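Colleague: I should like to go through the side-chain interactions of this model with you, one point at a time. Please give the reasoning before the result in each case.

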Amino acid sequence: GFPLLKDHLQDFFSHPASKKGIFVRHGQTSGNVKKKLLGWTDLPLTEYGKSQAYLLYPSFKEFLPKINKIYSSDLSRCIETGEMATGKFDNFSDTKIISTPSLREIDYAEYEGIEISKVSK
């Protein structure tokens, strides 16, 4: 896991509050590797992206009983990151993942799928 993340989570859950949130970015996709604008393009995680998401699991594991919902974009890379980070891949967690298109990244419209270096400033 990530020692600093685990320390942060320990501190985070030790302070009482009515609602708390943790934001995690999805793991790597082939579009990230190719440096493309892919806001709404639904690409799965690469093997490296899966390992990134799985590495979150040891840090999240002890806090899962305190996490009652995970909100995710409806894109597969985001849902898969949530599943890997919470142990759903081995049925460890019953934490509900609620997916919605309202949490998607920016829609790049005609720039969707274009390499970032090819977009003029």
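The exchange below concerns a predicted model and takes up its salt bridges, some polar contacts and its nonpolar core.

Colleague: How many salt bridges does the structure hold?

Modeller: A salt bridge requires a side-chain nitrogen of Lys or Arg within 4 Å of a carboxyl oxygen of Asp or Glu. Among the pairs that satisfy this is Glu 80 with Lys 50, with the closest N and O atoms 3.9 Å apart. The number of salt bridges in the structure is four.

Colleague: Which helices hold Glu 80 and Lys 50, and how many residues apart are they?

Modeller: The salt bridge between these two side chains has its closest N and O atoms at 3.9 Å. It links distant parts of the chain, Glu 80 being in helix H4 (residues 76-86) and Lys 50 in helix H3 (residues 47-61). The separation in sequence is 30 residues.

Colleague: Is Glu 80 buried or exposed?

Modeller: Buried means under 20% relative accessible area. Lys 50, at 27%, is partly exposed. Glu 80 has a relative accessibility of 19%, and therefore counts as buried.

Colleague: Which residues are linked with Lys 50 in a network of salt bridges?

Modeller: One partner is Glu 80, through the contact at 3.9 Å. The network of salt bridges also takes in a further acidic residue. The residues linked with Lys 50 are Glu 80 and Glu 47.

Colleague: What is the N to O distance in the salt bridge of Asp 74 and Arg 104, and where do the two residues lie?

Modeller: The side chains of Asp 74 and Arg 104 meet at 2.7 Å, N to O. The pair links distant parts of the chain, 30 residues apart: Asp 74 is in the loop between strand E1 (69-73) and H4, and Arg 104 is in the segment after strand E2 (96-100). Asp 74 is partly exposed at 26% relative accessibility, and for Arg 104 the value is 26% as well, again partly exposed. The distance asked for is 2.7 Å.

Colleague: Which residue forms a salt bridge with Glu 105, and is that partner buried or exposed?

Modeller: The closest N and O atoms of the bridge between Glu 105 and Arg 77 are 3.5 Å apart. Glu 105 lies in the segment after E2 and Arg 77 in helix H4, so the bridge ties together parts that are 28 residues apart in sequence. Glu 105 is partly exposed at 32% relative accessibility. Its partner, with a relative accessibility of 2%, is the buried Arg 77.

Colleague: With which side chains does His 26 make polar contacts?

Modeller: His 26 is found in the loop between helix H1 (3-14) and helix H2 (30-33), and at 10% relative accessibility it counts as buried. Leaving aside neighbours within four places in sequence, His 26 is in contact with Asn 32, Arg 77, Cys 78, Thr 81 and Glu 105. Its side chain makes polar contacts with the side chains of Arg 25, at 3.4 Å, and Arg 77, at 3.3 Å.

Colleague: Which backbone atoms does the side chain of Thr 81 reach?

Modeller: Thr 81 has its place in helix H4 and counts as buried at 5% relative accessibility. Beyond four places in sequence, its contacts include Val 24, His 26, Gly 27 and Ala 53. The side chain reaches the backbone nitrogen of Gly 27 at 3.1 Å and the backbone oxygen of Arg 77 at 2.8 Å.

Colleague: Which residue joins its side chain to that of Gln 28 in a polar contact?

Modeller: Gln 28 lies in the loop between H1 and H2. Beyond four places in sequence, it is in contact with residues including Pro 44, Thr 46 and Tyr 48. At 2.8 Å, the polar contact is with the side chain of Thr 46.

Colleague: Which element gives the most to the largest nonpolar core?

Modeller: This core has seven residues: Leu 56, Tyr 57, Phe 60, Leu 64, Ile 67, Ile 70 and Ala 85. The buried residues of H3 include Leu 56, Tyr 57 and Phe 60. With three residues, the element that gives the most is H3.

Colleague: What span should H3 have at 1.5 Å a residue?

Modeller: H3 has 15 residues. The expected span is 1.5 Å times one less than the number of residues. The end C-alpha atoms of H3 are 21 Å apart, which agrees with the expected 21 Å.

Notes. Residues are numbered from 1 along each chain as its sequence is written. This is a predicted model: local features need pLDDT of at least 70, side-chain atom pairs count only at pLDDT 80 or more; totals for chains, interfaces and linings use all residues. Side-chain values use heavy atoms; hydrogens and water are left out. Helices (H or I, at least four residues) and strands (E, at least two) are DSSP runs, numbered from the N terminus. Buried means under 20% relative accessible area, exposed over 50%, partly exposed in between (1.4 Å probe, protein chains only). A polar contact is a pair of N or O atoms within 3.5 Å; within protein, one must be able to donate a hydrogen and the other to accept it, and residues adjacent in sequence count only if both atoms are side-chain atoms. Contact means heavy atoms within 4.5 Å. A nonpolar core is a set of buried Ala, Val, Leu, Ile, Met, Phe, Trp, Tyr and Cys residues joined through side-chain atoms within 4.5 Å.
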